[in-house]
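Here is a walk through one protein model, strand by strand. Have the structure open while you read.

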Amino acid sequence: MHHVYKSLRGIMSFMLKSVVRRGALLSLAALLAQALGSVAHAATATSTFTVQMTVTSSCVINSASTLNFGSQGVLVANVDNTSTLQVQCTNTTPYNIGLDAGQGTGATVAVRKMTNGASTINYSLYSDSGRTTVWGNTVGTNTIAGTGSGGSQSYTVYGRVPPQTTPAAATYTDTITVTVTY
């Protein structure tokens, strides 16, 4: 009987150790589940917001280069040169570019006047390289029409000083106002 008791005691000891190990594993598993469970149960809240911009029709004149006819002697032949305008309008915006008559007394868009005191030199500005279409400032009549691309657009101003009575040697100037109507 002692032998049976000893065997029974061995089986009981093994089972008890097994239960203790299993309990430790279960405790460890419960501890991990609690730690992971708190991360998995973290609360979040989300929302959205709108990002917007309204682009309005607009134009700017980025640059207008000087139209310089250079140094000349007697004005017996046409003196031609060009200038460049850079205009930028919002995409698909229709516009017109006009050039006024300048500041010379008695000037018109057909015959502008560079001045030095009371002396003048007549000249004209054209929208075409053949210098046949006067560039003025009446929309629909003598302006240049365009449609904005969103980027800068280049326009050439074709100038001509025709043969005329040559005034005294000096520097003659005029100022032209560029107007973009859109």
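## Starting from one strand pair

Let's begin in the middle of a sheet, where Ile97 sits opposite Ile144 of strand 6. Keep in mind that this is a predicted model. The two strands involved, strand 3 and strand 6, run antiparallel and are held together by four bridges. On to strand 8: strand 3 is joined to strand 8 by four bridges, again in the antiparallel sense. Within that pairing, Asn96 has Thr181 of strand 8 as its bridge partner.

Put together, these strands make an open, antiparallel sheet of three strands in the order 6-3-8. Strand 6 (144-147) and strand 8 are the edges, each pairing on one side only. From one strand to the next, the twist averages 25°.

Strand 8 is a nice one to look at side chain by side chain. In a regular strand, side chains alternate between the two faces of the sheet. Here Val178 and Val180 point to one face and are buried, while Thr179 and Thr181 point to the other and are not.

## The hairpin

Another pairing worth a look is strand 4 (residues 112-116) with strand 5, antiparallel over five bridges. Met114 stands across from Ile121 of strand 5. The two strands form a hairpin with two residues between them, and Gly117 in the turn has a positive phi of about 65°.

Here are the three pairings side by side.

| Strand pair | Sense | Bridges | Residues facing each other |
|---|---|---|---|
| Strand 3 and strand 6 | antiparallel | four bridges | Ile97 and Ile144 |
| Strand 3 and strand 8 | antiparallel | four bridges | Asn96 and Thr181 |
| Strand 4 and strand 5 | antiparallel | five bridges | Met114 and Ile121 |

## The core and its aromatic pair

Which residues have the most contacts inside the largest nonpolar core? That core has 22 residues, and the ones with the most contacts are Leu85, Tyr95, Ile97, Trp135, Tyr155 and Val161. Two or more residues each come from strand 2 (79-89), strand 3 (94-99), strand 5 (119-126), strand 7 (152-161) and strand 8 (178-181). Strand 2 gives the most, with four residues.

Tyr95 and Tyr155 deserve a second look. Both are buried. The structure holds two aromatic pairs. In the one formed by Tyr95 and Tyr155, the ring centres are 6.3 Å apart and the planes stand at 90°, so the pair is edge-to-face. This pair links distant parts of the chain, as Tyr95 belongs to strand 3 and Tyr155 to strand 7, 60 residues apart.

## Ala64, off in strand 1

Ala64 lies in strand 1 (residues 59-64). Is Ala64 buried, partly exposed or exposed? With a relative accessible area of 48%, Ala64 counts as partly exposed, because that class lies between the 20% limit for buried and the 50% limit for exposed. Leaving aside residues up to four places away in sequence, Ala64 touches Thr84 and Leu85. The C-alpha atoms of Ala64 and Val157 are 9.6 Å apart, although 93 residues separate the two along the chain.

## Stepping back

Overall, the protein has one helix and eight strands, and the helix comes before the strands in the order α-β-β-β-β-β-β-β-β. Of its 182 residues, 25% count as buried. The accessible surface comes to about 12,400 Å², with 58% belonging to carbon and sulfur atoms. As for contacts between residues at least 6 apart in sequence, 74% join residues at least 24 apart.

Technical notes
Residues numbered from 1 in each chain as written. Predicted model: local features only at pLDDT ≥ 70, side-chain atom pairs only at ≥ 80, totals over all residues. Heavy atoms only, no water. Buried < 20%, exposed > 50% of the residue type's maximum accessible area, 1.4 Å probe, protein only. Contact = heavy atoms within 4.5 Å. Areas by Shrake-Rupley, 256 points an atom, 1.4 Å probe, with all protein chains shown as cover. Core = buried A, V, L, I, M, F, W, Y, C linked by side-chain atoms within 4.5 Å. Pairing = 2+ DSSP bridges. Axes fitted to C-alpha atoms, helices over the stretch in contact; angles between N-to-C directions. Phe/Tyr/Trp six-rings, centres within 6.5 Å; stacked < 30°, edge-to-face > 60°.
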